[in-house]
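Trainee: Could we go through this model step by step, from its overall organisation down to single residue pairs?

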Amino acid sequence: MRLLDRYLLRELLVPLGYCLSGFLIFWLAFDLFSEMGQLQDQKLRGGDILQYYLARIPEFIVVVIPIALLLALLYTLTNHARHHELTAIRAAGVSLWRLCVPYLGVGLAGTFFLFALNEFCVPRTSERAERIFNRRLDRPKKSVAPSSGLANLREKRTWLAGQYNPKTSEMLNPQVLWTLPDGSELWLLATRALRINGTWTFYNAREFTATSDTNSMLAPAIQTNVLVMPQFRETPEEIQSEINISKGMSLSSWNRADIPISQILDYLRLHPQPPDSIKPWLYTKLHGRVAMPWTCLVVVLIATPFGAASGRRNVFVGVASSLIICFVYFVLQKFALALGTSGYLAAWLAACGEVGGGGAWTLDWV
């Protein structure tokens, strides 16, 4: 069986490499031609464009791996069936499920690879691509986010900052409004805030207090050069999640990378009850991020019964079938995502529809 497994893997991995390279080249070329006008408006040079697309390659790989795996698997299985190899293997006493073990292993490996790539690599490379995209026009500091804020509904604190540097966790002109358990309010204003050894430190800080009475006036409480606030447990990761969620609601068409699961969970910890206006979008994104990597395994389950059908068929039947399946899959994926983010479909059901909708249609067809 080890010899058979190695043979089946070799026959799959070779076309998989060709399909992955071909789809990647096609996707990059298509994206380049569609965005050429924007790249020219950004005054990017040839070297900038090359760096931009090198930074975006992980994002493209996430999209094309399931398609390439589907095409390669259907091509391989159709080629085996055409030469009656599958019939001979099954006649030797090997069941269809045992024959599929190498393919299921590839699908499972692709699932873990996609999850790691999508969660840890794509967000960073997407930010790098954005910096390259704007490098010729944005002369100010690119690492500084203007007018940043954070709403910590869990502890009833609202942060506002004139500028925020995510690399150093430094805020300029921060303002913090804190509603205390007794209903009174505390306003903290400073010229600068920095997180040192896990604790927020404010410089040239002023505190104002107001009672819970209606229309009560702010009263000065403290004015000091350095004020350490261990009560403020907001982390830079939570602040970044707030920035990314707000930015994700209005992403420009060229930035296709989604928000990592860790940042969505950070946002939900700060907002246990998110507003109804973004709740469907937020939970659909969360469930979609968890479900999307499993597309590789679903692809194997789709392609195996279809490609392993007995009979002498032309190898291009598998290619044509995979293209039809990919088209239907993408249509159903976008349809389920639109229904989920609009609130017409439960978030978990929309995420399952993104992954399994095409598979259910295909298996019914077969």
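## From fold to residue pairs

Trainee: Of the contacts in the protein with a separation of 6 or more, what percentage comes from residues 24 or more positions apart?

Mentor: This is a predicted model, in which local features need pLDDT of at least 70 and side-chain atom pairs count only at pLDDT 80 or more, while totals for chains, interfaces and linings use all residues. Residues are numbered from 1 along each chain as its sequence is written, and side-chain values use heavy atoms, with hydrogens and water left out. Taking a contact as heavy atoms within 4.5 Å, residues 24 or more positions apart account for a share of 64%.

Trainee: How many helices and strands does the protein have, and what percentage of its 366 residues counts as buried?

Mentor: Helices (H or I, at least four residues) and strands (E, at least two) are DSSP runs numbered from the N terminus, and the protein has 12 helices and eight strands. Buried means under 20% relative accessible area, exposed over 50%, and partly exposed in between, with a 1.4 Å probe and protein chains only. Of the 366 residues, the buried share is 44%.

Trainee: Which element gives the largest share of the largest nonpolar core?

Mentor: A nonpolar core is a set of buried Ala, Val, Leu, Ile, Met, Phe, Trp, Tyr and Cys residues joined through side-chain atoms within 4.5 Å, and among the 48 residues of the largest one, those that touch the most other members are Phe23, Leu39, Tyr52, Leu69, Leu73, Leu99 and Tyr103. Two or more residues each come from helices H1 (2-34), H3 (46-82), H4 (85-91), H6 (101-133) and H10 (295-307). The largest share, 19 residues, is that of H3.

Trainee: Which residues does Tyr103 touch, leaving aside those up to four places away in sequence?

Mentor: Tyr103 is one of the residues that touch the most other members of the largest core. With residues up to four places away in sequence set aside, its partners are Leu8, Leu12, Leu73, Thr76, Leu77, His80 and Val300.

Trainee: Where the strands pair, which residue of S5 is the bridge partner of Val176?

Mentor: Two strands pair if DSSP finds at least two bridges between them; S2 (residues 157-165) and S4 (residues 175-179) do so in the antiparallel sense over four bridges, with Arg157 opposite Trp178 and Trp159 opposite Val176. S4 is also joined by five bridges to S5 (residues 185-189), again antiparallel. In S5, the partner of Val176 is Leu188.

Trainee: Which residues of S4 lie on its covered face?

Mentor: In a regular strand the side chains alternate between the two faces of the sheet. The uncovered face of S4 holds Gln175, Leu177 and Thr179, and the covered face holds Val176 and Trp178.

Trainee: Which residue takes a positive phi in the turn between S4 and S5?

Mentor: In the hairpin of S2 and S3, with four residues between the strands, Ser169 takes a positive phi near 60°. S4 and S5 form a hairpin with five residues between them, and the residue in the turn with a positive phi, of about 95°, is Gly183.

Trainee: Why is Trp294 described as partly exposed?

Mentor: Trp294, in the loop between helix H9 (279-291) and H10, makes a nonpolar surface patch of about 310 Å² with Leu108 and Phe112. Trp294 counts as partly exposed because its relative accessible area is 38%.

Trainee: How many residues separate Asp5 and Arg98, whose side chains meet in a salt bridge?

Mentor: A salt bridge is a side-chain nitrogen of Lys or Arg within 4 Å of a carboxyl oxygen of Asp or Glu, and the structure holds 13 of them. In this one the N to O distance is 3.1 Å, and Asp5 counts as buried at 17% relative accessibility, whereas Arg98 is partly exposed at 28%. The pair links distant parts of the chain, with Asp5 in helix H1 and Arg98 in helix H5 (residues 96-99), and their separation in residues is 93.

Trainee: Which residues are joined with Glu155 into one network by salt bridges that share partners?

Mentor: Glu155 forms a salt bridge with Arg157, the closest N and O atoms being 2.1 Å apart, and both residues are buried. Through shared partners, Glu155 belongs to one network with Arg154, Arg157, Arg233 and Glu234.

Key. Patch = residues over 30% accessible without salt bridge, like charges linked within 9 Å, V, L, I, M, F, W, Y side chains within 5 Å. Areas by Shrake-Rupley, 256 points an atom, 1.4 Å probe, with all protein chains shown as cover.
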